[in-house]
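Okay, thanks everyone, let's get going. I'll put the structure up, and then I'll walk you through what I'd look at.

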Amino acid sequence: MADSATVSATGGRPSAGRSLGAVFSHPKAGLLSVWGLLILYSALTQDRFLTEANITNILRSNASLFLLAVGATYALISGGVDLSVGSILALSGVALSQFIGTMPVGVAILLTLGLATLMGAANGVLIGPLGLSPFVVTLGALAAYRGFALIWVDGRTTTVTDDFLVDLGDGKWGSVPVPAVIMVIGLIVCAYLLRFTYFGRDVYAVGGNEQAATLAGIRVGPVRVGVYAISGLFAGVAAVLLVGRLASASPTVAQGWELTAIAAILLGGTTLVGGVGGVGGTAIGVLFLATIDNSLTLAGVSSFWQNVVTGGVLIAALGFDRLRLQFAVRRAASEMTEEEEGETQ
């Protein structure tokens, strides 16, 4: 089910090697250590890094990516992938910019979130009940939703000046940025659904072993529809915040964000094989990538090289994830062998 399900803890006296193995096989220990070192290095080399203005800027500028990645985590835990979240965000933002001039802002936001949820659910219907490949479906959706966004506004950027919407994306409640509050609420909701509801348990079960989940009576199709609907909904929330922060909506926004989101998800301990991971790790992964991006920006590194670094981090995450899984399997097998030997003595 959760991370701990991959590596079973057994009895016996702990050794130094076993303790080191437990640390290595834990999906978040390495990331937190590297993130801490990165923060320390950035604070020592950049005077502006730990200022309130810079921290606020990090939270505001990464709130949409944060929510996008948290929602997309569901797809990977269920054994799939959602490559269309960036395009859903773009089309949702365009839709919001068109709705907002013709109806109250609250209704426009609700309609936008409904549209984003429907786009995600449509992916889920093709993947779940119809049994198509998640990679192929969401890759096609990536192109189709982006195309609809370009067609709708003829490729143009639309200015949005609604005060309430701008406050959502760029305002403060007291000294706390509004996007940061929405990030925390979104994270808590996603974590609660995964940890404390039957739906969340079904998502882990389907991702861990779809055939076993079916034999256990879990309706795999509806679970997959729900997973991709949640992914779409959070892409819609991300769109609302992004339109508010930029005070505009562009059909070309968020290109490549799906890859950055997947990098953050993998960095946070969720694997491509499904059944393992959580949104807490994804949150740490997003903040880790945001720290790298901010540190490089403060150091004057060009955005081109920032893309190179992000790509390198993604490859490193995939390599580390594979290495960690292999190590966890070997460690579990070794502990089972020790148990069997202990029972025969």
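Before anything else, let me pin down one term: by a nonpolar core I mean a set of buried Ala, Val, Leu, Ile, Met, Phe, Trp, Tyr and Cys residues joined through side-chain atoms within 4.5 Å. And keep in mind that what you see here is a predicted model.

With that in hand, the largest nonpolar core takes in 82 residues. Which residues have the most contacts inside it? They are I109, L165, L168, F288 and L289. The helix that gives the largest share of this core is α11, with 13 residues. Take F288 as an example: leaving out anything up to four places away in sequence, F288 touches L31, V34, W35, L38, L267 and V313.

Stepping back to the whole chain for a second. We have 14 helices and 4 strands, and of the 345 residues, 48% are buried. If you take contacts between residues at least 6 apart in sequence, 79% of them join residues at least 24 apart.

Okay, back to α11, which covers residues 220-246. One partner to look at is helix α8, residues 178-196. The axes of α8 and α11 are 12 Å apart, and the angle between them is about 175°. Anything over 145 degrees counts as roughly antiparallel, so that is what we call α8 and α11. On the α8 side, the contact is made by P179, I182, G186, C190 and L193; on the α11 side, by I230, F234, V237 and L241. How many of those contact residues are nonpolar, polar or charged? The split is 8 nonpolar, 1 polar and no charged.

Now follow α11 to L246, which sits in that helix. L246 has a relative accessible area of 41%, so it goes down as partly exposed. Its C-alpha atom is 8.4 Å from the C-alpha of V160, and those two residues are 86 apart along the chain.

Step on to A247, and you're in the loop between α11 and β4, the strand at 248-249. This is one for the backbone people: most residues other than glycine have a negative phi. A247 is not a glycine, yet its phi is positive, about 55°. A247 has 26% relative accessible area, which means partly exposed.

There's also A254, in the loop between β4 and α12, which is 257-267. A254 has a positive phi too, about 65°, and again it is not a glycine. Is A254 buried or exposed? Buried, because its relative accessible area is 5% and the cut-off for buried is under 20%.

Right, charges. How many salt bridges does a search of the whole structure find? The search comes back with 3.

Let me start with K172 and E52, where the closest N and O atoms are 3.8 Å apart. K172 is in strand β2, residues 172-173, and E52 is in helix α3, residues 52-77, so this pair ties together parts that are 120 residues apart in sequence. K172 itself is partly exposed, at 36% relative accessibility.

Then there's D170 with R60, at 3.6 Å, N to O. Here D170 belongs to helix α7, residues 163-170, and R60 to helix α3, with their positions 110 residues apart in the chain. D170 is partly exposed as well, at 34%.

And then E210 with R224, with the closest N and O atoms 2.9 Å apart. E210 is in helix α10, residues 210-215, and R224 is in our friend α11, so this bridge ties together parts that are 14 residues apart in sequence. What I'd point out is the two ends: E210 is partly exposed, with 39% relative accessible area, whereas R224 is buried, at 7%.

One more stop, on a loop. Q46 is in the stretch between α2, residues 29-45, and α3. Q46 counts as buried, at 17% relative accessibility. Who does Q46 contact, leaving aside its neighbours within four places in sequence? Those contacts are L298 and A299.

So, if you take away one thread, make it α11: this helix gives the largest share of the core, 13 residues, is roughly antiparallel to α8, and holds R224, the salt-bridge partner of E210. That's me done, over to you.

Note on methods:
Residues numbered from 1 in each chain as written. Predicted model: local features only at pLDDT ≥ 70, side-chain atom pairs only at ≥ 80, totals over all residues. Heavy atoms only, no water. Helix = DSSP H or I, 4+ residues; strand = E, 2+ residues; numbered from the N terminus. Buried < 20%, exposed > 50% of the residue type's maximum accessible area, 1.4 Å probe, protein only. Axes fitted to C-alpha atoms, helices over the stretch in contact; angles between N-to-C directions. Parallel < 35°, antiparallel > 145°, perpendicular 65-115°, else oblique. Contact = heavy atoms within 4.5 Å. Nonpolar A, V, L, I, M, F, W, Y, C, P; charged D, E, K, R; others polar. Salt bridge = Lys/Arg side-chain N within 4 Å of Asp/Glu carboxyl O.
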